[in-house]
Amino acid sequence: MIKIYNSLSNKIEEFKPIIKNNVILYVCGPTVYDYMHIGNSRPVVFFDTVARFFKYSGFNVTFVSNFTDIDDKIINRAKEKNISEEELSQKFIKEINKTYKKLNCLQHDANPTVSENIDNIINFIDLLVKKDNAYVINGDVYFDVAKIKEYGILSGQSIEKLIVGSRIEKNLNKKNPVDFTLWKATTEGINWDSPWGKGRPGWHTECVVMSRNISGGLIDIHGGGSDLKFPHHDNEIAQSIAAYNNKIANYWMHNGRIDFSGEKMSKSLGNVIWANETIDKVGYQAYRFLMLNVPYRQPLSFREDLLEQAVIDFEKINRAFISLFRKLEFEYNDVNIKEVKELVLLEIKKEFIAAMEDDFNTPNAITSVFKLIKITNKLLRNKNISKDLLKEIYCLFSEFLWVLGMEIKINKLTTDEMKLVQSWKQARSNKDFTKADNLRDEITKKGIFI
Ligand SMILES: [Zn+2]
């Protein structure tokens, strides 16, 4: 039984899918005007792991994450670079897709964009206007927040408090300072014709439309970073209540932010760390290890020494896994990774699953991986270990790594490499230690662990 901390109820709840054995997961994606930074990548890694665990648990998973390709940031950046908004957003959609791959993310089932959904978005806003939940002033369309008594339900903010809050922009056109823009009248930057004149949609509508497109109704899980709770997700919920009398998803999940010695990462502070550079430096497995070794709802403090530690910790996993593979490759020479599907349900497997079922407690799942490593290393020292047991461990190890998205790709040794290792073994059994040491150096140089 999978349990999820539902941000909507602020409680741990048993996950009950809308359709048995199916889960629809929608996660707010990036605004495509720049490369992915480490902060953007936390929800990417975490929700990919969520999707993986659902698949592992036998669910059919539909995982959708959008690209926001219409936004003031995109329009301004395109202007600066003297290129079209489309050229800019297409470039970064490509770049971000590359980063998803680099992070070893499963392919999403869809990555809808705003520009592809303009008609749907206009129709949706029109529905809100017709239902009297939105109003038009000089070609702008605003959502009438006062009509929704649950407004602010996710972040726990009341309209009164928000009005008092000084961050709300003053706009004399609006009925209520908290009302948010659904359609912004403009002829500057990319714009479309609409029943209210030329303009473009505000940010908060796209996810309501795109997530509903998946099934035509409620979805199971809506996710994103905790910074999106307000206003983005509360505004999404308000629109969905107005249009369809539902809260979009049965479960809302939010990952914590990443901070840098207590500071927020931002370009103005000059402490932006780009995902690509870091993945290239440490490998995707250590990168994911860093992200998954902290409970997802907690803030993650990013420090160089923690990244280095993740590299060291992952190397332990890597070595144990490869040694296991090599043992099977040498001692038995007929290892077939796909061969063993049936597994003995080990205690460790139970623990791993229990950790993941407990609101995706990835740090505890990683602890199970280390327990398995301990057993592996012990067994590898045992000469009389059975092939079947090694294979079982190998499969279990592979499963854990798959769920965490930290798969290790190993090349089988070539015939020459095999020969080299065999002669090292021979030299060792002949007690020709000088020769054995030399061969061992040669083997190590080739990056082969034995
Ligand atoms: Zn969204």
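**Figure 1. What packs around helix H7 in this predicted model.** The buried residues of H7 (229–244) are covered by elements that include helices H4 (118–130) and H6, along with strands S6 (140–143), S7 (181–185), S9 and S10; contact here means heavy atoms within 4.5 Å. Helices (H or I, at least four residues) and strands (E, at least two) are DSSP runs, numbered from the N terminus. H7 is largely enclosed by the rest of the structure, because 12 of its 16 residues are buried (buried is under 20% relative accessible area, exposed over 50%, partly exposed in between, with a 1.4 Å probe and protein chains only). Among the buried ones are His232, His233, Ile237, Ile241 and Ala242. Just past the helix comes Asn245, with a positive phi near 60 degrees. The model is a prediction, so local features need pLDDT of at least 70 and side-chain atom pairs count only at pLDDT 80 or more, while totals for chains, interfaces and linings use all residues. Residues are numbered from 1 along each chain as its sequence is written, and side-chain values use heavy atoms, with hydrogens and water left out.

**Figure 2. Close-up of the zinc ion and its protein donors.** Four residues supply the donor atoms: Cys28 (SG), Cys207 (SG), His232 (NE2) and Glu236 (OE), sitting 2.0 to 2.7 Å from the zinc ion. Donors are N, O and S atoms within 2.8 Å of the metal (3.2 Å for Na, K and Ca); water is not among the atoms, so sites may look incomplete. Angles among the 4 donor atoms run from 71 to 121 degrees, and the site comes out as irregular. For four donors, tetrahedral would need all angles between 85 and 135 degrees; four count as square planar and six as octahedral if opposite donors are over 155 degrees apart and all others between 65 and 115, and anything else is irregular. Along the chain, the donor spacing reads C-x178-C-x24-H-x3-E. Cys28, from the loop between S3 and helix H1 (38–56), and Glu236, from H7, lie 208 residues apart, so this pair links distant parts of the chain. Cys28 is buried at 11% relative accessible area, and Glu236 is buried at 0%.

**Figure 3. The open sheet with helix H6 across it.** The 4 strands go in the order S4-S3-S9-S10, with parallel pairing; two strands pair if DSSP finds at least two bridges between them. S4 (60–65) and S10 (249–255) are the edge strands, each with a single partner, so one side of each has no neighbour in the sheet. From one strand to the next, the twist averages 20 degrees. S9 (219–225) and S10 share 6 bridges, and Ile219 has Ala249 as its bridge partner in S10. H6 (206–215) lies across S3 (22–27), S4 and S9, at about 160 degrees to S3 (axes are lines fitted to C-alpha atoms, for helices over the stretch in contact, and angles run from 0 to 180 degrees between N-to-C directions).

**Figure 4. Antiparallel pairing around strand S7.** S6 and S7 are joined in the antiparallel sense by 2 bridges, with Val141 opposite Trp183 in S7. S7 also runs antiparallel to S8 (199–201), over 3 bridges. Here Lys184 has Arg200 of S8 as its bridge partner.

**Figure 5. The surroundings of Asn276.** Asn276 is part of helix H8 (275–282) and counts as buried at 18% relative accessibility. Setting aside neighbours within four places in sequence, Asn276 contacts Tyr35, Thr99 and Lys102.
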